[in-house]
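Reader: I have the chain open on my screen and would like to talk it through with you before I go back to the bench. Could you walk me through it, piece by piece?

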Amino acid sequence: MKNDKVFNTGNHPIEMFLPMLHFCDAGFTFDIATVSGGPVVLEMWAYPTKDEHVKSLHESVQSMMEKPKKLADIESLDGYAAIFIPGGHGAMVNLPESVELGRLLHEAHDKSLPTVTLCHGPAALLATKAGEKEFAYGGYKSVCFTDKTDGTTPSFGYLPGQMPWKCQEALETQGIEIVNTSETGATNVDRELITGDSPNAAQNLGVVAAPILVEFHAE
């Protein structure tokens, strides 16, 4: 944090599993990858403990979450129907500087491969700049968790201080137009980029994105 306090974060489980449920229902399976190959970390305070569908999906992919692939081990996106980057403040930690994620996002961009993300997940799009590459999404429209709302979270104890940098501001600096001013559960589709504004958008994002993945996969 800006005040040097430590905040343990990761992926928001609702933002991860609700879209995945829709992808699963559409017939897709998953490969899970992290920058280091280390386990996926969830923000368990937000886990929907009474949702049996989420719990069942979590159990089915738990071994992959505990021992994911390394991004560097994914040589190409041949055979994949999409990239999905869940939100949670964890998406702002090491993904924006990942050369390997940037390589895959550039490939997805070049192939018009659906790229699905929400809340703070769009911060990971900054990885396309890693390695002195050109940012891939200049001129795109997106929604995300707004800096205005993020700035209020220390006041009610969610964050122990302000984030070291601002997701929305960083994206806008690179030429993305953020089209939401608050979090309403909104989604946005601009070419291959499919985004949601918050955890409230997780269900809507799955509904919107799954048919797009099916159509792309069928081509």
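Reader: Which residues of α1 meet which residues of α6?

Author: Bearing in mind that this is a predicted model, α1 brings Ile14, Glu15, Leu18, Pro19, His22 and Phe23 to the contact, and on the α6 side they are met by Ala202, Gln203, Leu205, Gly206, Val207, Ala209, Ala210 and Leu213.

Reader: And how many of those are nonpolar, polar or charged?

Author: Sorted by class, the contact of α1 with α6 has ten nonpolar residues, three polar ones and one charged one.

Reader: At what angle do the two helices pack, and how far apart are their axes?

Author: Helix α1, residues 13-25, and helix α6, residues 202-218, pack at an angle of about 35 degrees, and their axes are 8 Å apart. As for the handedness, α1 passes α6 in a right-handed crossing.

Reader: Let me move to the interior. Which residues in the largest nonpolar core touch the most other members?

Author: That core has 29 residues, and the ones touching the most other members are Ile83, Leu101, Leu105, Leu125 and Tyr137. Among the elements that each supply at least two of its residues are β3 (83-85), α3 (99-111) and α5 (167-173), and α3 gives the largest share, with four residues.

Reader: Leu125 is one I have been looking at, so what does it touch?

Author: Not counting residues up to four places away in sequence, Leu125 touches Leu105, Thr115, Phe135, Tyr137, Leu171, Ile176 and Leu193. Apart from the core discussed so far, there is a second, separate core of 27 residues, which includes Phe17, Leu42, Val61 and Ala202.

Reader: Ala202 came up earlier, didn't we have it in the helix contact?

Author: Yes, Ala202 is one of the α6 residues that meet α1, and it is also included in the second core.

Reader: Stepping back, how many helices and strands are there in the chain, and in what pattern do they follow along the sequence?

Author: The chain has six helices and eight strands, and reading along the sequence gives α-β-α-β-β-α-β-β-α-α-β-β-β-α.

Reader: How does the radius of gyration of the chain sit with a compact globule?

Author: The two agree, because a compact globule of 219 residues would have a radius of gyration near 17 Å and the chain has 16 Å. Along its principal axes, the C-alpha trace spans about 45 × 45 × 30 Å, and buried residues make up 51% of the 219 residues. If one takes the contacts between residues at least 6 apart in sequence, 78% of them join residues at least 24 apart.

Reader: Now the backbone. What is phi for Cys119, and is that residue buried or exposed?

Author: Phi of Cys119 is near 60 degrees, which is a positive value in a residue other than glycine. Cys119 sits in the loop between β4 (115-118) and β5 (141-142), and with a relative accessible area of 3%, under the 20% cut-off, it is buried.

Reader: And what about Glu132, where does that lie?

Author: Glu132 lies in the loop between β4 and β5, and it too has a positive phi, of about 60 degrees, although it is not a glycine. Glu132, however, is exposed, with a relative accessible area of 82%.

Reader: I would also like to go over the prolines. Where is Pro122, and what is it in contact with?

Author: Pro122 is placed in the loop between β4 and β5, and at 0% relative accessibility it counts as buried. Leaving aside neighbours within four places in sequence, Pro122 is in contact with Thr117, Ser142, Val143, Cys144, Leu171 and Thr195. Pro122 and Gly196 are 74 residues apart in sequence, with their C-alpha atoms 9.1 Å apart in space.

Reader: What about Pro68, buried or exposed?

Author: Pro68 is buried, with a relative accessible area of 10%, and its place is in the loop between α2 (52-66) and β2 (69-70). Setting aside its neighbours within four places in sequence, Pro68 is in contact with Ile32, Ala33, Thr34, Gly37, Gly38 and Pro39.

Reader: Last one, where is Val93?

Author: Val93 is in the loop between β3 and α3, and it is exposed, with a relative accessible area of 55%. The C-alpha atoms of Val93 and Ala124 are separated by 9.0 Å, the two residues being 31 apart along the chain.

Conventions
Residues numbered from 1 in each chain as written. Predicted model: local features only at pLDDT ≥ 70, side-chain atom pairs only at ≥ 80, totals over all residues. Heavy atoms only, no water. Core = buried A, V, L, I, M, F, W, Y, C linked by side-chain atoms within 4.5 Å. Buried < 20%, exposed > 50% of the residue type's maximum accessible area, 1.4 Å probe, protein only. Contact = heavy atoms within 4.5 Å. Axes fitted to C-alpha atoms, helices over the stretch in contact; angles between N-to-C directions. Left-handed = near helix turned anticlockwise from the far one by under 90°. Nonpolar A, V, L, I, M, F, W, Y, C, P; charged D, E, K, R; others polar. Rg over C-alpha atoms; globule rule 2.2 N^0.38 Å.
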